Each structure stands twice: as C-alpha cells, then as structure tokens.
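Good morning, and thank you for coming. Please look at the structure on the screen while I describe selected parts of it.

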Amino acid sequence: MIKTELKQPSAIFIACAVFFAIIFFGLYWTYSSNRTSTNEQQLLLNGISRTQASVLERRLSLAFTSTQILAIELEQHGGRFEDFDHYAQNLMNSIGGVSSLQLAPNGIIEKISPLKGNESAIGLDIFADPKYREAAIKAIENHSMIAIGPLPLVQGGIAVISRSPVYLFKGTQREVFWGFASAVINLDNLLESTRLKDLVEDGYQYSLSRQHTDTQKTVIFSHSEKPLSDIVATTDIILPVGTWKLNISRDISARLNDNLRSGYLLSIGSAFFLALALYAILIQPIRLRKLVEDKTAELKELAYKDPLTNLPNRRYLNDYLPGFLEENRKAQKSSAFIYFDLDNFKRINDTIGHDVGDKVLEIVAQRLNSLCHEADKVVRLGGDEFGIYLSNIANKQEAKEHAERVLAYIHSPISLDAKEFILSTSLGIAMIPEHGDSLVSIMQNADMALYQAKQRGKNQSVFYSHDMKAATLDLVEAEDDLTKALQNDEFELYYQPQFDLQTKQVFGAEALIRWHHPTKGLIFPDQFIRLAENTGQIIKLGHWVLENGISYLARRREQGLPYILLHVNLASQQLADPHFVTVVRALLYKYQVPAKWLGVEVTETSLLEDISLAKALLQSLKDMGICVAIDDFGTGYSSLGQLKNLPVNLLKIDRSFVMDLERDQADRKIVEAIIAMAHKLGIKVLAEGIESKEQWDMLMSFQCDFGQGYYVSRAIPEADFNAAPPIQ
C-alpha cells in the first residue's frame, strides 16, 4: 500500500499545480505591488504639485496685480507720476516677487524702478520690437493685462513680463490710450520662492508652461534638465492673464523594474521550494502523520504546563478534572479539592521584586509536590493561587490533615539571597461529591471557603458549608441594594448639632447619612458603610454626602438662616483619591459656598494607612479654608507623635472617654491631657457623646472648647435641625 502511494502521479500533478499557482499569485502580487507604488507616487506628486503651484500662483498673482495698481494710479492722476521711484519701491516691497516696475508712455519705456542694472531698457519702443509688438497691440484691443515670456531681457536675464494698458478718461468718450505699466518677474527669483530646485536635487523633474494665446502652442518657461517621466502630476495655475501649468514627475522605473525582477525570482523560488516540500509531504503520509502526532503531543504538554513552576495549569484542571471525577464516581471513592493562595504575597513582588517572587513560587511548588501522592494533582491556577486535588481520601479528617501539612510546609522559612521569608496561606476545602460534583461548583465552593479562611484571620483552613453560600447570596443582595439605593436616591442626611460649651451656642453640625430602605426601613451607617468600603462604592457614597452637605449650606444661605460649620466624614479610600481636592473645589464653586463653612472629619486609623498621602490631601483642604478634624481621637495608634505634623484645626475626643467621665478617674486624666496637649499645639477640641449636665460641666472645667451628644440632640433631619430652639 505504501509503495502504491509513493508512485501516485497525483502527487506530481498537485505539486505542479501548486508550482504554477504560486508563480501566478507571485506575479500578480508583484504587479499589484508596482501598481500600488505607482498610485502612491502619483498621490505624492499630486500633493507636491498642488503645493508648489499654490506658491507660484500666489506670487505671480500678486506680481501681476502690481501693474494694475500702477495703471489705476496713472489713470487717476492723468498720466502723471511725480514720485514714481519711491512709490514703485514701496509697491515692490509690499507685494514681493517683482524684479522691476516700468512706465512706457506711448509704448516707449521712460521710467524703471530700480534703474540700476536696467538702464539698457530705457527708451525701448515696445511697438517697434517684434518680441513685444503683437502682445502689446492685443492688450490695447482687449483693454486687458497680458503676460509675455519667458524671454530674454534687454538688460539681461530671463523674465516674465506683465503689462497693463493705461487709458486716460477711461470709460468716457474722451478715452485715450496713454501707454503701458509693466512688471518684470525674474524667472530665477520666481523659482527661488518654491522648492522646485530642491525637488530636482531629490530626483524630481518639473516643467512650468503656458499656452500661447494666438498660436495655442505650449510655451515652456522653465524645466529640469531631465525630461518628465511617465508618472506626471499636473496642476493649473490660475492667473489674471490666463492659465499656466506646473508638471512634476519622478522617475521610479528603476525601482519598479527591480521590484519586477525580485518578484519573478521570489515567485519562482518560492513556488519551486513549496512545490517540492508539498511533493515530499504527499509521498510521505506516514512520516508526516507521526511527526504531527509527536508535535501535537509536545504542544499539548506545553499547553497544560505552567512554565514557571512546571506544575499543571488551570487549563489542565479544566480538561482533566471532569474525567477524574467521573472515575471516582464509578469507583464510589471520595475526593477533595483544596483551593488556596499565599497571604500578602503581593508585598514580596511590590517591595523586593517579581524575580524574587517567582523564586518563592518555584520553592512553594516543589514543597507542594513533595507532599502529594502520585494520584493527587497539584495545580497552579495563576499568580500565587494553587489547587490540590486529593483523588482518594476516606473522610474530612484526612483532608484536614493534608491541609495542615500544607500550612506547615508553606510556613517553613524560605532563604533566598541571604534573606529569609516566612509565608502563610489560607485554604478553602471542598469535599467531593458532598460539596459539588462538577468543576464549576467545586471551584466556587472551595473559593467561598477560602474567603472565609481569610476573614477569620488567615493562615488556616476552612471547609465549605452551605451557610457560606447563603451568606454570599445575602452579601450579593446587599451589594445590589446599595447600588440601587445610589441610583434611586434612597439616602438622606441627618445633622447632629455641635455646640460651644462656654456660650451654649450651636456653631456647627456633623452630617450623618441614613438609608431609607424600601423594605427594611431606616438603616444606620454602621450597617452599610463597611459594605460600601468592601465593594468600592464608598467613593460614590462619599461624593453624595459631600455634595448634599454643601447644597444644604447653600439652601441655608438662601433661606436666611445663620451660618454654621458643617462637618462631613471622609473614608480612607477618599483620602487616597487623587481627584478628591478637585471635586471639593468644584462643588464649592457650583453651589457658591465659602470653604470656611465646610469641615472634614477623618479617623486616626484611616490616616495611618498612608500618612504622607493623607497629610498632603488634608493640607490642600486646609489651605482652601476648610476645617480639618481628627475623629475618634485616642482610639488609634501613634496619634500623639503624628498630631504635630498634621494640618489639623479640630480634635474630636472619642465618646468612649466621655461616657464614664463622672465615674472613671483614668478617663478624666486622659481627656484633660488630650485637651491640654491640643491647646499647646493651637488645636481646638470637641468632645463627643456628651449625655449629661455633669459631663458638660466637667469638660468645661477642663477648658474643652466644643461638644456634641445626646444631651443636646441626636442627629435629626434637615427640617428639624433648621427649626431647633437654642440650647437652654
């Protein structure tokens, strides 16, 4: 059978057909390429021609206009020109491109400006000179300007001359021919205003011509030494005396011929080698089949292997796990899937470098491989995420023991380049088939368990439970409700008064957000702010609070209510927003609210996330005149050391220090120390959570400036706040 295949004449026929097909295609491609090159050259020449023609047209039109200006001047002054040289010089300077101007009463040149170099033209009789007579007579008959040239001048040089006949008493019965006003445009000077000579040096050819009025023959003014080639771009130059033509070309025949030769050789060579290769393939199907199988297996292995760790990858898991599950189902065996990643691994990449991170991942992969049985599978799912498929385990306890070994192995120190790294991991475990019998359900459930492990403090393993799915669904529903609440404007601002302890006057308020849920009723911020932070919607929510607070201040002004200082709370994500200051400035401008009416409150913990970034943002706000307040002071870390470096106007003592002020001596000492320290730094102090007259009096004795709490009022809606009576 194999010998029969080797002798098949169809192989030769197919190879020959391919040979001629490739030659045909190659030749077609070569001709198409040349045609494209020709079209591109034509487009280029068209652009150059239009550009240079525009320059010439502008220069010539202005130059020709000079004769008409002279003619009008003579007609208006009865043929007299007292200061011709001065007038002509000014005219040539303003128009440009004119070599000289001439006046020829009765056709005899009497005045030329400039005279130097043109003396030989004085006294020339235009009607007597056969070069000029015919055109001059025609200009008189038609009462129109004419152009003559190119022609050699009596005074030397080649030029184009425009002449306008001058008539005294023009348009009346007394009209009489006076003579000619002429402008001489030196051809060399004219061409200097274009890039034609530069183009010639770059390999272009050109010709400048016009059609003779009487003979209709083409008169060439100027041209390159080399004649025009086959590809020519022609542009008309529209002038008051007729139409001239500018032709520009470039000879690319050598390049086109080279392309043809290269195309022929490439086509024939490619056709020969491809036909030969095809013939070899056709007569060796068994060898080719084996080669294809080997290459396919090699590519398949590469497709299923992670190049860094040499572990199977996610594609391997997607393609093979269903088969493993089916085998275990038939054998009635239990199995498990452990899904995990390295805790805080991003810090290694960000601080030390990705090369070190890659080495750490390689070591982790080696440790994981050493833990597993031959039938188990360790898979790198991407980044620092891994999965372990335990193919045959008896129960949860066995899966738990394996997870504990993984935790211990990964937690063992890793030494690299004289540095020691201690890693931890969080593991989510899904039992099979108890927690799923498909790839999707197993991965989802193991992922939920992993999330719970991280929520519980990391460096531990957690089994999936059905309660996790319910909690996840509740979280998804809550996230969806929050998104709809922003869209449907379900939020409202409440205002809690802030008062001066000495004068008992309300000087400001803290804006506190409330959520009017369509089914759950009024929801307080402690029930949804954390959700907004975790879902990334805190920026939108913060913007809503900021804009509605500022708009409330604008309404107070319009209603004639007294000025108050309104404080809004900022989340840590807002402090990291590079556009936040711009947003605040834009909103203040939009509602025409002075910056001194607005205050912002930030907590110690949010400041400490990035103290340098927060400091820069707060400084910008303070520079605008906005009051900057530190909220919940005393509950964070290292605040005393940082306070002197922060741009702060107001310190808010946390209510936890105020609530037991009457009974707890330690709280009294802390509060008194905070107030004294703040005043030393020039910072005002506000105590939160004042609920009794005793607390008020005690804080006032400590020289505390301001207060806020239920003793005066809870947070209340806008209408109630506006109508609130003064403090008794």
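I begin with two strands: β1, residues 100–105, and β5, residues 176–186, pair in the antiparallel sense over six bridges. A word on terms: strands (E, at least two residues) and helices (H or I, at least four residues) are DSSP runs, numbered from the N terminus. Two strands pair if DSSP finds at least two bridges between them. Within this pairing, Pro105 stands opposite Gly179 in β5.

Before going further, I should say that this is a predicted model, in which local features need pLDDT of at least 70 and side-chain atom pairs count only at pLDDT 80 or more, while totals for chains, interfaces and linings use all residues. Residues are numbered from 1 along each chain as its sequence is written, and side-chain values use heavy atoms, with hydrogens and water left out.

Which sheet do β1 and β5 belong to? They are part of an open sheet of five strands, with the order β2-β1-β5-β4-β3 and antiparallel pairing. At its edges are β2 (111–113) and β3 (146–152), each of which pairs on one side only. From one strand to the next, the twist averages 20°. Angles here run from 0 to 180 degrees between N-to-C directions, and axes are lines fitted to C-alpha atoms, for helices over the stretch in contact. As a general point, side chains in a regular strand alternate between the two faces of the sheet.

Two helices accompany this sheet. Helix α3, residues 84–95, lies across β1 and β2 and runs at about 40° to β2. Helix α4, residues 130–142, packs on the sheet and touches β3, β4 (158–168) and β5. The direction of α4 makes about 175° with that of β3. Contact, in this talk, means heavy atoms within 4.5 Å.

The loop between β2 and α4 deserves a moment. Pro114 is found in this loop, and the peptide bond that leads to Pro114 from Ser113 is cis, with omega near 0°. Asp129 also has its place in the loop between β2 and α4. Is Asp129 buried or exposed? Asp129 is buried, because its relative accessible area is 13%, and buried means under 20%, exposed over 50%, and partly exposed in between, with a 1.4 Å probe and protein chains only. From C-alpha to C-alpha, Asp129 and Asn93 are 30 Å apart in space, with their positions 36 residues apart in sequence.

A second cis peptide bond joins Ile432 to Pro433, with omega near 10°. Pro433 lies in the loop between β15 (425–432) and α13 (439–455). After α13, in the loop that leads to β16 (461–463), we find Asn459. Phi of Asn459 is near 55°, a positive value in a residue other than glycine. Asn459 counts as partly exposed, at 34% relative accessibility.

Let me turn to the strands later in the chain. Four of the five residues of β24 (residues 684–688) are buried, so this strand is largely enclosed by the rest of the structure. Strand β23, residues 650–653, pairs with β24 in the parallel sense over four bridges, and Leu651 stands opposite Val685 in β24. Strand β25, residues 706–708, also runs parallel to β24 and is joined to it by three bridges. There, Glu688 has Gln708 in β25 as its bridge partner. Together, β24, helix α24 (residues 693–701) and β25 make a right-handed β-α-β unit. Right-handed means that, with the strands pointing away from the viewer, the path from the first strand over the helix to the second runs clockwise.

Next, the interior. A nonpolar core is a set of buried Ala, Val, Leu, Ile, Met, Phe, Trp, Tyr and Cys residues joined through side-chain atoms within 4.5 Å. The largest such core has 72 residues, and Phe491, Leu621 and Leu699 have the most contacts inside it. Helix α16, residues 538–559, gives the most to this core, with nine residues. Leaving aside residues up to four places away in sequence, Phe491 touches several others, including Ile513, Trp515, Phe528 and Trp544. Another core, of 46 residues, lies apart from the largest one, and Ala88, Tyr206, Ile231 and Leu246 are among its members.

Finally, how many disulfides does a search of the whole structure find? The search finds zero, where a disulfide is a pair of cysteine sulfur atoms within 2.5 Å. Cys627 forms none because the closest cysteine sulfur, in Cys704, is 14 Å away, too far for a bond. Cys627 is buried at 12% relative accessibility, and Cys704 is buried at 1%. Thank you for your attention.
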